[in-house]
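This report describes selected features of the structure shown below. Its topics are internal cavities, two individual residues, aromatic pairs and the packing of one helix.

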Amino acid sequence: MNAPPPDTQPHWKRTLYILFFAQLMVAVGFSSIFPFLPLYVEQLGSDSGLSIEILSGLVFSSQSFTMMLASPVWGAIADRYGRKLMVERSMFGGAAILLLMAFVTSAEQLVVLRAVQGLITGTISATSALLASVTPRDRTGYAMGLLQVGFGAGLAAGPLLGGAVADAFDYGTVFYLTAALLLLAGVTVELGVRERFNSENGPAGRQGILAGWRSLLSLPGVFATFGVRFISSLGRMMSAPILPLFIAGLLADHSRLNTFTGLALGLTSGATTLSAIFLGRLGDRSGHRRVLAFSVAALAGLYGLLGMVSAGWQLLGLQVLIGIALGGVIPITSALLANYVTPGEEGAAFGLDNSVNAGGRALAPLLGAAAAAAWGYPAAFLSTGAIFLCGLLLVVWLLPSSRA
């Protein structure tokens, strides 16, 4: 069984707790803008004449597309120059870009800044790589689960906070808040994390970037794990651009539309938070692949049902169940990847992982918007269920049943 360098092991829990707090702050900040992004696009208007639906999709997809391109490069740089440095780059850079979003005057300007955000952020992959590099391999399920708890708790609180602040003040105030939270996270990592980094510890320090990627993808289980990540990312984000619009059709009173949308997203993330650490530990004991298969199967059914709801309370209930199932997908996939890779290649592995994740998120809003435009909003949710069913087949047929 692979293990991180011996001199890093006594500090892994300290690093885990600091990254947990930083991830919490980042998640609260980033997710606080989710409930109103399509509505912000509508308020800003277009300088080019593009439709609001297209611009809403681009606001989500542009960030994911550029992150898909940049993440593998940042990951390889992390293995050469330090993973803590990449965490700080993503947090401080994100704070600056989110602050600028408060001053845009058109939806097209917002799309451009979202694209720049994708180029310079990537906090999830950066923190995952740093944590994987110091965590004993038999504790990766617990560590990634706890990191997901921080991320999920932030995703639960962020939409509620962002929706309430947007209703009470304006959209610009939420961007000020987000920038401050990302700045706090970066300062915490700078002051609290001590990385004993040696670029010669693993293969990444002895070969070029392209050779490192080829070596990584040849490891048993890695390519299939990336496939699972892509499908889960694609499924989770297909409904993002149309969910606020779908909710608007369910509610008779639109005075608190932002708050209700934030509640729906927050409940999902809160449920993910509660289930992630439990399912992560369960994966460490009984097998990550088994937990992942059950979770993906549950998501296939739940998203299919989501397209059939006719009342707000039904949507909220299903969002909770979806969140529970996601707690067995997001951290478990990260734990599998950490187990399959060679020590010293964590940065490259999670950089590629984030690229795959971003690729799914870039494509998903466009697919979801296209399905909704062609067949109605419920079709986006039914299509998501079908995508997760394909993910289940991938887990059962191609994912190795044991650690590499």
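A polar contact is a pair of N or O atoms within 3.5 Å, and within protein one atom must be able to donate a hydrogen and the other to accept it. The model discussed here is predicted.

**A residue between two helices**

The side chain of T121 reaches the backbone oxygen of Q117 at 2.5 Å, which counts as a polar contact because that distance lies within 3.5 Å. T121 itself is placed in the loop between α5 (107-120) and α6 (123-134). With a relative accessibility of 4%, T121 counts as buried, since the term applies under 20% relative accessible area. Once residues up to four places away in sequence are set aside, T121 touches F30, Q63, M67, R89, S90 and G94.

**Cavities**

Rolling a probe the size of a water molecule over the atoms shows where empty space is left. In this model, five cavities of 30 Å³ or more are found. The largest cavity holds about 1,100 Å³ of space. Its lining comprises 49 residues, and F34, F151, L155, R236 and M237 are those that lie nearest the centre. By class, 23 of the lining residues are nonpolar, 21 are polar and five are charged. Helix α7 (residues 140-168) gives the most to this lining, with seven residues.

F151, one of the residues nearest the centre of the largest cavity, lies in helix α7. Its relative accessible area is 16%, and F151 is therefore buried. Apart from neighbours within four places in sequence, F151 is in contact with Q23, A27 and I124. The C-alpha atoms of F151 and V341 are separated by 23 Å, the two residues being 190 apart along the chain.

**Aromatic pairs**

Rings of Phe, Tyr and Trp pair if their centres lie within 6.5 Å, and by this rule the count comes to six aromatic pairs. Two of them share Y40 and are set out in the table.

| Pair | Geometry | Centre to centre | Angle between planes |
|---|---|---|---|
| Y40 and Y171 | edge-to-face | 5.4 Å | 70° |
| Y40 and F175 | tilted | 5.3 Å | 40° |

Y40 lies in helix α2 (residues 37-44) and Y171 in helix α8 (residues 171-192), so their pair ties together parts that are 131 residues apart in sequence. F175 is also in helix α8, and its pair with Y40 in helix α2 therefore ties together parts that are 135 residues apart in sequence. Ring pairs thus link Y40, Y171 and F175 into a cluster.

How accessible are the members of this cluster, Y40 and F175? Y40 is buried, with a relative accessible area of 4%, and F175 is buried as well, with a value of 0%. Y171 is likewise buried.

**Packing of helix α11**

Helix α2 also takes part in the surroundings of helix α11. The buried residues of helix α11 (residues 243-250) are L243, P244, F246, I247 and A248. These buried residues pack against α2, α12 (257-286), α13 (288-306), α14 (312-326) and α17 (377-398). Helix α2 thus appears in two settings: Y40, which lies in α2, pairs with rings of helix α8, and α2 is among the helices against which the buried residues of α11 pack.

Key: Residues are numbered from 1 along each chain as its sequence is written. This is a predicted model: local features need pLDDT of at least 70, side-chain atom pairs count only at pLDDT 80 or more; totals for chains, interfaces and linings use all residues. Side-chain values use heavy atoms; hydrogens and water are left out. On a 1 Å grid over the protein atoms alone, a cavity is a set of points where a 1.4 Å probe fits but cannot get out, and a pocket is an open set with protein on both sides within 12 Å along at least five of seven lines; lining residues have an atom within 4 Å of a point. Grid points are joined across faces, edges and corners, and a volume is the space filled by probe spheres set on the points. Helices (H or I, at least four residues) and strands (E, at least two) are DSSP runs, numbered from the N terminus. Ala, Val, Leu, Ile, Met, Phe, Trp, Tyr, Cys and Pro count as nonpolar, Asp, Glu, Lys and Arg as charged, and the others, Gly among them, as polar. Buried means under 20% relative accessible area, exposed over 50%, partly exposed in between (1.4 Å probe, protein chains only). Contact means heavy atoms within 4.5 Å. Rings of Phe, Tyr and Trp (its six-membered ring) pair if their centres lie within 6.5 Å; planes under 30 degrees apart count as stacked, over 60 as edge-to-face and the rest as tilted.
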